[in-house]
Amino acid sequence: MGRIEAAAAIGPFAAPRRPRASLRRAWHRVRRVRGGLAGSAAVVIIVGLTLFAPWLAPHDPYVGRVVDRLLPPAWMDGGSAAFPLGTDQIGRDVLSRLIYGGRISLVISVLAVGVAGAVGLSLGLFAGFYRGWADWMISAAVDVMLTFPFILLALATIAVLGPSIRNVVIVLGITGWPIYTRVVRAETVRLRSLEFTMAARALGATSARIVLRHLLPNLVNAVIVIASLDVARFIIVEAFLSYLGLGVQPPIPSWGGMLGDFRAFMFDRWWLPTFPGTAIFVTALAVNLMGDGLRDLLDPQSRRP
Amino acid sequence: MAKLPRARGGRGRAVSLPARAACNLSRALVVLFGISLITFVISHVIGDPLAVLLPLDAPQATRAVYRHEMGFDQPVGIQYLRFAADVVRGRFGDSFLVKKPALALITERIPRTLLLAAAGMGVALAVAFPLGILAGARRRSFADSASIVLAVAGAAIPIYWLGLMLQILLGVHLHWLPPSGYGSWRHLVLPAFSLGVFLAPVTMRLVRSGMIEALAQDYVRTARAKGMPEGAVLLRHALRNMLIPVLTVLGLQFGQLMGGAIITETVFSWPGVASLVVQAIQNSDFPVTQAAVMTLAVIILSVNLTVDTLVGALDPRTRA
């Protein structure tokens with residue numbers, strides 16, 4: 001009797017492992033996240049565009065000539081090939097400003113997610129590991145923050161701090177942490193009661209070692225998934241703040257700021273508000289798709305049933 | 001991502017209605033205290049109310065006099081207590097912009113915000129329930145794919161931009177609806193639709209996962225085994241059981257609904273509380289900002305409280 005028959009006789013539980021099985025399984029997993037792949041590809045393209053902005057943008061985003069003001073896109077009557085998406089109210093190239101604006105949006109959101117994630121992760125670990133009154137306080141704070149509209153807290157805080165890129169990062173960071181804390185705390189409480197944590201403790205590991213070597217690695221995936229989805233959320237919120245004039249200040253190009261400026265042209269130049277909004281939508285969509293894909297790969301428990 | 005709570009009362013125990021209400025009420029009070037603390041810190045500790053009250057070139061002496069008169073030279077704790085006492089009595093002072101009590105400005109606008117919120121929620125439910133039920137009942141069908149597209153695209157679309165695009169297309173170019181403002185039901189259509197798009201993805205995901213969970217239960221198998229038509233199984237058994245956790249989560253997300261209303265009201269110049277807050281924030285009108293934040297907090301918490309208490313009470317399993 002060959003090995004294969006022997007294995008078959010035992011039943012499906014001991015299916016023979018062929019050498020390429022794991023590779024094939026990995027490929028299956030990747031195929032299931034096609035959306036994630038498309039999203040990641042789009043994210044790479046967008047990041048590339050903004051990274052190489054100085055070489056890709058046809059014009060200086062800060063300088064325009066008044067004679068070129070409010071030109072329509074190149075394919076419309078009166079458009080010029082020199083300005084593919086037309087020009088704004090003071091003659092600056094819309095495409096160049098979109099490319100540079102993406103830089104600002106991405107940098108702000110990624111930094112803000114870093115702040116929110118770091119704060120949320122530390123508080124969640126602390127609350128979940130030590131419990132007691134600190135846990136109660138932190139959980140109550142999370143409750144407060146999640147009950148109340150995030151956007152209103154962000155607006156009120158930035159109005160007091162004053163609008164600037166740094167303050168947008170701070171405000172998004174300090175209003176965005178609770179979701180991380182909630183997830184990390186719940187997971188820490190669960191992990192802490194498991195045997196491997198007790199085993200580590202029995203072997204004489206210090207609390208710091210348990211947290212860093214045993215708990216943290218088990219939390220990273222969940223945090224990465226939330227963080228990737230948060231980047232998209234923050235891009236949208238940052239643009240709203242800038243749209244209201246409370247975020248990135250002119251003349252620095254930003255998608256929200258452009259949308260706010262171009263709102264005045266909604267009656268006669270529909271294309272102007274269309275472009276920056278499309279940029280926000282496409283970027284947020286790409287990041288969300290990537291985040292959903294990451295979740296399917298990294299966090300199988302919360303996978304779409 | 002949203003996980004549905006089990007039909008619950010505490011940790012799976014059946015809890016009587018008064019006990020449940022008391023527990024929720026104490027939680028609401030803690031949250032209210034927290035929000036008042038945040039409002040106070042933002043306006044009095046990070047920000048300086050005097051900076052807005054006095055002209056920029058006011059001499060130091062005048063500043064000192066005002067600071068003393070308004071009590072801003074007292075210890076922070078005392079200032080908070082005075083602030084809290086005013087809040088409890090509904091005294092927020094007069095708006096800096098319009099010489100009217102801040103609270104009066106807000107209360108006259110509350111019905112309009114609630115109208116918009118209800119209409120937006122209606123749109124979201126009208127889309128989310130049929131699609132979510134179909135998607136949950138027929139996995140990997142066309143409805144399921146459509147629901148995934150809606151969920152992913154809906155979560156990525158900035159609704160302030162969607163609103164702007166709708167204004168341009170339907171308001172400016174086609175003249176079907178007024179692009180913004182307040183008045184007839186025609187003014188309500190675009191803002192309600194935008195708000196609906198904001199809420200639909202989350203709601204739909206909740207309905208879909210609730211449906212999937214309910215359909216996996218034994219009572220569904222029993223219903224099918226006794227030859228019940230599939231439609232009746234879905235609507236009478238699965239849907240009814242799923243409603244309780246879904247409605248509870250929706251109630252708890254009322255704050256997010258208000259967040260969406262803030263954005264929608266701003267874009268469509270809808271004269272509700274939310275657009276008033278944005279104006280007040282932009283103009284550093286502290287009394288109105290504080291009054292609006294606290295009023296919104298009370299509204300949100302009352303909705304959370306009512307939904308969480310009553311919806312739970314509707315479920316016979318949680319009755320003691």
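# A guided tour of a two-chain helical model

Begin by selecting V273(B), which has its place in helix 13 of chain B. Please keep in mind throughout that the model is predicted. Is V273(B) buried or exposed? It has 27 C-beta neighbours inside 10 Å and therefore counts as buried. Next, display its contacts, leaving aside the neighbours within four places in sequence. The residues in contact with V273(B) are then I106(B), R109(B), I110(B), T113(B), A292(B), T295(B) and L296(B). For a contrast in distance, select L252(B), which stands 21 residues from V273(B) along the chain. The C-alpha atoms of these two residues are separated by 20 Å.

**Helix 13 of chain B**

Extend the selection to residues 273–282, which form helix 13 of chain B. This helix is mostly covered, for eight of its ten residues are buried. Which residues of the helix are buried? They are V273(B), A274(B), S275(B), L276(B), V277(B), V278(B), A280(B) and I281(B).

Now look at either side of the helix. Just after helix 13 of chain B comes S284(B), with a positive phi of about 50°. On the other side, select S269(B), in the loop between helix 12 (254–268) and helix 13 of chain B. Phi of S269(B) is also positive, near 50°, and the residue is not a glycine. A general point helps here: most residues other than glycine have a negative phi, and most peptide bonds are trans. S269(B) counts as partly exposed because it has 13 C-beta neighbours inside 10 Å.

**Chain B as a whole**

Select chain B in full. Its elements comprise 14 helices and zero strands. Along its principal axes, the C-alpha trace of this chain spans about 85 × 55 × 30 Å. Of its 320 residues, 42% are buried. Among the contacts in chain B with a separation of 6 or more, 72% are between residues 24 or more positions apart.

**Chain A as a whole**

Select chain A next. It has 13 helices and zero strands. Chain A contains 305 residues, and buried residues make up 43% of them. Of its contacts between residues at least 6 apart in sequence, 68% join residues at least 24 apart.

**A pair of helices in chain A**

Within chain A, select helix 8 (residues 165–176) and helix 11 (residues 207–243). Two packed helices are described by the angle between their axes and the distance between the axes. In this pair, the axes come within 11 Å and cross at roughly 130°. Helix 8 and helix 11 of chain A are therefore oblique to each other. Their crossing is right-handed.

Which residues meet at this crossing? From helix 8 of chain A, show V168(A), L172(A) and G176(A); from helix 11, show D230(A), F234(A), V237(A), E238(A) and L241(A). By class, this contact has five nonpolar, one polar and two charged residues.

**Two loops in chain A**

Select R131(A), in the loop between helix 5 (94–130) and helix 6 of chain A. Although R131(A) is not a glycine, it has a positive phi of about 50°. With 14 C-beta neighbours inside 10 Å, R131(A) therefore counts as partly exposed.

Then move to P251(A), in the loop between helix 11 and helix 12 (255–262) of chain A. A cis peptide bond joins P250(A) and P251(A), with omega of about 10°.

**Where the chains meet**

Display both chains together. How many residues of chain A are in contact with chain B? There are 40 of them, and they touch 41 residues of chain B. On the chain A side, helix 6 (132–147), helix 7 (150–161), helix 11 and helix 13 (271–298) each supply at least two residues. By class, the side of chain A that touches chain B has 31 nonpolar, six polar and three charged residues.

**The nonpolar core**

Finish with the largest nonpolar core, which has 159 residues. Which residues touch the most other members? They are L155(A), V277(B) and A292(B). Helix 11 of chain A gives the most to this core, with 18 residues.

As a last selection, take L155(A) and leave aside its neighbours within four places in sequence. L155(A) is then in contact with L246(A), V278(B) and I281(B). The tour thus returns to its starting helix: V278(B) and I281(B) are among the buried residues of helix 13 of chain B.

Note on methods:
Residues are numbered from 1 along each chain as its sequence is written. Chains are lettered from A and ligands numbered from 1 in the order in which they are written. This is a predicted model: local features need pLDDT of at least 70, side-chain atom pairs count only at pLDDT 80 or more; totals for chains, interfaces and linings use all residues. A residue is buried if 20 or more other C-beta atoms lie within 10 Å of its own, exposed if 12 or fewer, and partly exposed in between; C-beta atoms are placed from the backbone. Helices (H or I, at least four residues) and strands (E, at least two) are DSSP runs, numbered from the N terminus. Axes are lines fitted to C-alpha atoms, for helices over the stretch in contact, and angles run from 0 to 180 degrees between N-to-C directions. Angles under 35 degrees count as roughly parallel, over 145 as roughly antiparallel, 65 to 115 as roughly perpendicular and the rest as oblique. A crossing is left-handed if the near helix is turned anticlockwise from the far one by less than a right angle, and right-handed if clockwise. Two residues are in contact if their C-beta atoms, placed from the backbone, lie within 7 Å. Ala, Val, Leu, Ile, Met, Phe, Trp, Tyr, Cys and Pro count as nonpolar, Asp, Glu, Lys and Arg as charged, and the others, Gly among them, as polar. A nonpolar core is a set of buried Ala, Val, Leu, Ile, Met, Phe, Trp, Tyr and Cys residues joined through C-beta atoms within 7 Å.
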